[in-house]
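Open the model in your viewer and keep the sequence panel beside it. The stops below say what to select next and what is there.

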Amino acid sequence: MTYRFFTPAPASTATGLTGEVYRQLRDEFLGPAPTFQALAAVPEVLAATWSLMREALLAGDGSRVDREIVASVVSRANRCRFCVDAHVMLLHALGEHEVAEVIARGGTPSEPRHAELAAWAEASRNPMAAGWTSRYGPEVTGTLLVFHFINRVVSALLDPDLLPGGLQRSSVVRSVGGRLYARTAREPRQPGRSLPLLDAGTTEPPAWAGESPVGVAYAALRNAATQAGDLLGDVARQTVTATVRWEDGRYPVRPSDWVVDLVRDVPGTDRVGTRIALLAAFAPSAISVGDVALWRLSHPADADLVRLVAYGAITATDHVARALTSAHL
């Protein structure tokens, strides 16, 4: 596994909040996976991301298969190869071998309920164009939202291959990997265990989540990641927000050219930061070594890069969540 712009500290050295998140990851998931290690430079974002994923994807009585289908298809819609591979493997772990391989090939599951879930998840990439909202409960909806966020962070900060040469894309490797994680994937998780990790000063949970821990976790993630907007000035933040709403998830044909025009009127000191935030929202894998090198001239810390990527990612994710908010008005 290769990180694109920096190498996080070894998981064995983690202390404090990061150490506690890693302990929960070892107990309840696949350990401190690269996704979470990439966020460790900003512990409050790390904790909120883990909390939302845990409470939405892993905890409660809802179908874990349904939620893994959503995670896999959202990741496919966002072109996050790393996350598709990981969650197709987890579908194998849950015994859904046919569904896993259909999704991996870009197809639609044959079972009507699964096909409906997949279509709903796919449509969320462009919620305004699709007239998208959710008729599902907080766990399924929260799974969709956390993977809109995670997909962008992963595509920005990690190389897409879990194994050398992309071996994880072999159906045999996926199936074997699934068997290795079958017991962990099938163990029930009680809701709420991650909530003590969160900042008590977070905003009110969204209406779509009701009283579920998922809503508390989403509010914490939105709060922690949005605060990174303080890395940019007012015009830059307005540019990011307006572009996300106007473009509605549309993939830029040539991301580097597309973003040049968008930042042309942003103050010079904010142009590279705005560029990275916009690419994180729309085409995170297009963030280049050159972009990051320019950013580091004024912001050398890994934490500031992670915060900026998280800001772009949460702005795009909250665009999807706003469709849920409007449905509850």
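A polar contact here is a pair of N or O atoms within 3.5 Å, where one must be able to donate a hydrogen and the other to accept it. The coordinates are those of a predicted model.

**A helix cap**

Select Ser212 and Val214 first. A side-chain oxygen of Ser212 lies 3.0 Å from the backbone nitrogen of Val214, and in this way Ser212 caps the N-terminal end of α12.

Extend the selection to residues 213-226, which make up helix α12. The helix has 14 residues, and its first and last C-alpha atoms are 20 Å apart, close to the 20 Å expected at 1.5 Å a residue. Is α12 mostly covered or mostly open? It is mostly covered, with ten of its 14 residues buried. Among the buried ones are Val214, Tyr218, Leu221 and Asn223; several alanines also belong to the list, including Ala217, Ala219 and Ala220.

**The whole chain**

Zoom out and colour by secondary structure. The chain has 17 helices and zero strands. Its C-alpha atoms fill a box of roughly 55 × 45 × 40 Å along the principal axes. For 329 residues, a compact globule would have a radius of gyration near 20 Å, and the 19 Å of this chain agrees with that.

Of the 329 residues, 57% count as buried. The accessible surface comes to about 13600 Å², and carbon and sulfur atoms hold 54% of that surface. Among contacts with a separation of 6 or more, 71% are between residues 24 or more positions apart.

**Helix α17: Thr317**

Return to Tyr218 of α12, which is buried, and show what surrounds Thr317. Thr317 is placed in helix α17 and touches Tyr218 as well as Leu145, His148 and Phe149, leaving out residues up to four places away in sequence. Thr317 counts as buried because its relative accessibility is 1%.

Which backbone atom lies 3.2 Å from a polar atom of the Thr317 side chain? It is the backbone nitrogen of Phe149. A polar atom of the Thr317 side chain also lies 2.9 Å from the backbone oxygen of Ala313. For a longer view, draw a distance from Thr317 to Asp27: these residues are 290 apart along the chain, and their C-alpha atoms are separated by 28 Å.

**Helix α17: His319 and Asp248**

Next, select His319, also found in helix α17, which spans residues 302-327. With 9% relative accessibility, His319 counts as buried. Beyond its neighbours within four places in sequence, His319 is in contact with Pro127, Met128, Val244, Arg245 and Asp248. The side chains of His319 and Asp248 are joined by a polar contact of 2.8 Å.

Stay on Asp248, in the loop between α13 (234-247) and α14 (255-262). Asp248 is buried, at a relative accessible area of 7%. Its phi is near 50 degrees, a positive value in a residue other than glycine.

**A second positive phi**

Go to Arg79, which also has a positive phi, of about 60 degrees, although it is not a glycine. Arg79 is found in the loop between α4 (64-77) and α5 (81-93). Is Arg79 buried or exposed? With a relative accessible area of 59%, Arg79 is exposed.

**Aromatic rings**

Finally, show the side chains of Phe, Tyr and Trp. A pair of aromatic rings is described by the distance of the centres and the angle of the planes. With ring centres within 6.5 Å as the cut-off, the count comes to six aromatic pairs.

Select Trp120 and Trp132, which form a stacked pair, 5.5 Å centre to centre with 25 degrees between the planes. Trp120 lies in helix α7 (residues 112-123) and Trp132 in the loop between α8 (127-130) and α9 (138-157), so the pair ties together parts twelve residues apart in sequence. Both Trp120 and Trp132 are buried.

Add Tyr136. The ring centres of Trp120 and Tyr136 are 4.7 Å apart and the planes stand at 65 degrees, so this pair is edge-to-face. The pair links Trp120 in helix α7 with Tyr136 in the loop between α8 and α9, 16 residues apart. Trp120 counts as buried at 5% relative accessibility, whereas Tyr136 is partly exposed at 22%.

For the last stop, select Phe29, Phe36 and Trp50, which form one aromatic cluster.

Conventions. Residues are numbered from 1 along each chain as its sequence is written. This is a predicted model: local features need pLDDT of at least 70, side-chain atom pairs count only at pLDDT 80 or more; totals for chains, interfaces and linings use all residues. Side-chain values use heavy atoms; hydrogens and water are left out. Helices (H or I, at least four residues) and strands (E, at least two) are DSSP runs, numbered from the N terminus. The expected span of a helix is 1.5 Å times one less than its number of residues. Buried means under 20% relative accessible area, exposed over 50%, partly exposed in between (1.4 Å probe, protein chains only). The radius of gyration is taken over C-alpha atoms; the globule rule is 2.2 Å times the number of residues to the power 0.38. Contact means heavy atoms within 4.5 Å. Accessible areas come from the Shrake-Rupley method with a 1.4 Å probe; for residues, only the protein chains shown count as cover. Rings of Phe, Tyr and Trp (its six-membered ring) pair if their centres lie within 6.5 Å; planes under 30 degrees apart count as stacked, over 60 as edge-to-face and the rest as tilted.
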